[in-house]
There are 2 protein chains.
Amino acid sequence: MDSFAFIGLGLNDEKGLTLEGLEEARRADRVFAEFYTNPMPALDMKRLEKLIGKKIHVLNRTQLEEEGGRELIRSAKEDSVAFLVPGDPMIATTHISLRLSLSKTGIGSRIIHGPSIMSAVCGATGLQSYKFSKTVTIPYDPPLPASVLETISDNHGRGLHTLLLLDVKADQNKQLTIAEALTKITSANPSLESRLAVGVARIGARDERVKASRIGLLINEDFGGPPRSIVVVGKLHFMEADALRIICGAQDSDLRENY
Amino acid sequence: MDSFAFIGLGLNDEKGLTLEGLEEARRADRVFAEFYTNPMPALDMKRLEKLIGKKIHVLNRTQLEEEGGRELIRSAKEDSVAFLVPGDPMIATTHISLRLSLSKTGIGSRIIHGPSIMSAVCGATGLQSYKFSKTVTIPYDPPLPASVLETISDNHGRGLHTLLLLDVKADQNKQLTIAEALTKITSANPSLESRLAVGVARIGARDERVKASRIGLLINEDFGGPPRSIVVVGKLHFMEADALRIICGAQDSDLRENY
């Protein structure tokens, strides 16, 4: 058996864990977790520890990035380790880097995949997965990198959708709001106000919220707590247009330019 | 409670189901499933039925697409329905279409997300999720649509990776092999032989197989049974190059042109 397993926690609470993930975490000698790459406010650590039947040691950004996951690597040399991470484990580059470090130390690892925003956003919005192009993250602190606007524009020029991930300030337990992110991009390029977009919050939760409209209007919507993302919409297939109307409350007038 | 739940089965076998998905399927009055949009050869129906504690009614393409999911809609008018689908539920457009039909009939639905190839392929290869652009499917039967080569070329021009999904012949329980798919694209454009790509098979399973090399060589590799996919690689970050070497067995000489 590989002595290290990256296990995805999925999108919302501890029930996003797969049956295989739960089995592997129960079997491991030591269980670690991190929540700074993605907020999971609905996840209850007490319930998760009870489910797994073990104490879970939560690592912060410093322990994982600056200290290079030393504790994880040290543990994996002696015991079997389960490392629980939000979403699907390898979306954050820091986890890829850890996997490579483990491998260079001679420690084999496997990934037990979980639901990810990268695919879930298609279901939540009705937009088709094969029409998404390059994803970008809107950073918390200014300035807005030129690459963000370039990516939105490049994707749009090809008729494709852009997923905008919103930065997290893990130490303050905060995530950029949809309004804040849209303000950043429209301040940099006011013509984006007429562009169609979808705001999504708490995908997979009972109180999931999804709303499509022109960015100039979307900026006034309150989406509530994290996690939140945005899709800037490209050319629409008629079934996608239907979905934006029916699932995401878009007006006909919002959709007209995207056919 | 919504009377219809789309539930993702994940990537490999019945243990890819999330805890929430299992709970919801156990609670539903009737349980349906389909496996034609994506093969899950390791999934054992008997074990899945035992886990859920109910008979599972499997639908084929005709029942779902030509008959418009009539049985599902009829059932959902009377009972609560769980519909199990491979991967994350809404990746196939036929499921979006069903969700819209349900909604037009006044039936609310929710999605219980599962692991999907769209994000899992990043973990399996070490390629970074935000560098993937538009995905395409290589169809089983000729001719190869011009849009396939155009997408590979467009994405490559932007330095981005392309996920190639391989078509399934569900009625014959077959999926295009990696060699067959690569033969199709290199026959149409022989210059692609020198392009770097990664073949992936059975992601998430114990016998997962991942191999990166120039397409001209990759075509000779045997990847074994389905499910299988291909990534045509764009410009590499040094950590991605490391991952292709360490995780996917790429040679230094294969990587040179992708920096």
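In the predicted model, the secondary structure of chain A amounts to 11 helices and 12 strands. The C-alpha trace of this chain spans about 60 × 35 × 30 Å along its principal axes, and its radius of gyration of 20 Å agrees with the value near 18 Å that a compact globule of 259 residues would have. Of the 259 residues of chain A, 58% count as buried, and 73% of the contacts with a separation of 6 or more are made between residues 24 or more positions apart.

The surface of chain A was examined next. Chain A exposes about 10200 Å², of which 48% is supplied by carbon and sulfur atoms. Its charged side chains comprise 32 positive and 33 negative ones, and the centres of these two sets lie 1 Å apart.

In chain B, strand E1, formed by residues 4-8, is mostly covered, with 5 of its 5 residues buried. In a regular strand, side chains alternate between the two faces of the sheet. For E1(B), both faces are covered, since B:Phe4, B:Phe6 and B:Gly8 on one side are buried, as are B:Ala5 and B:Ile7 on the other.

Two pairings of this strand were identified. E1(B) is joined by 5 bridges to strand E4 of chain B (residues 81-85), the two running parallel, and within this pairing B:Phe4 has B:Val81 as its bridge partner. E1(B) also pairs in the parallel sense with strand E5 of chain B (residues 109-112), over 4 bridges, where B:Ile7 stands opposite B:Ile112.

Key. Residues are numbered from 1 along each chain as its sequence is written. Chains are lettered from A and ligands numbered from 1 in the order in which they are written. This is a predicted model: local features need pLDDT of at least 70, side-chain atom pairs count only at pLDDT 80 or more; totals for chains, interfaces and linings use all residues. Side-chain values use heavy atoms; hydrogens and water are left out. Buried means under 20% relative accessible area, exposed over 50%, partly exposed in between (1.4 Å probe, protein chains only). Two strands pair if DSSP finds at least two bridges between them. The radius of gyration is taken over C-alpha atoms; the globule rule is 2.2 Å times the number of residues to the power 0.38. Contact means heavy atoms within 4.5 Å. Accessible areas come from the Shrake-Rupley method with a 1.4 Å probe; for residues, only the protein chains shown count as cover. Lys and Arg count as positive and Asp and Glu as negative; His and the chain ends are not counted. The place of a charge is taken as NZ of Lys, CZ of Arg, CG of Asp or CD of Glu.
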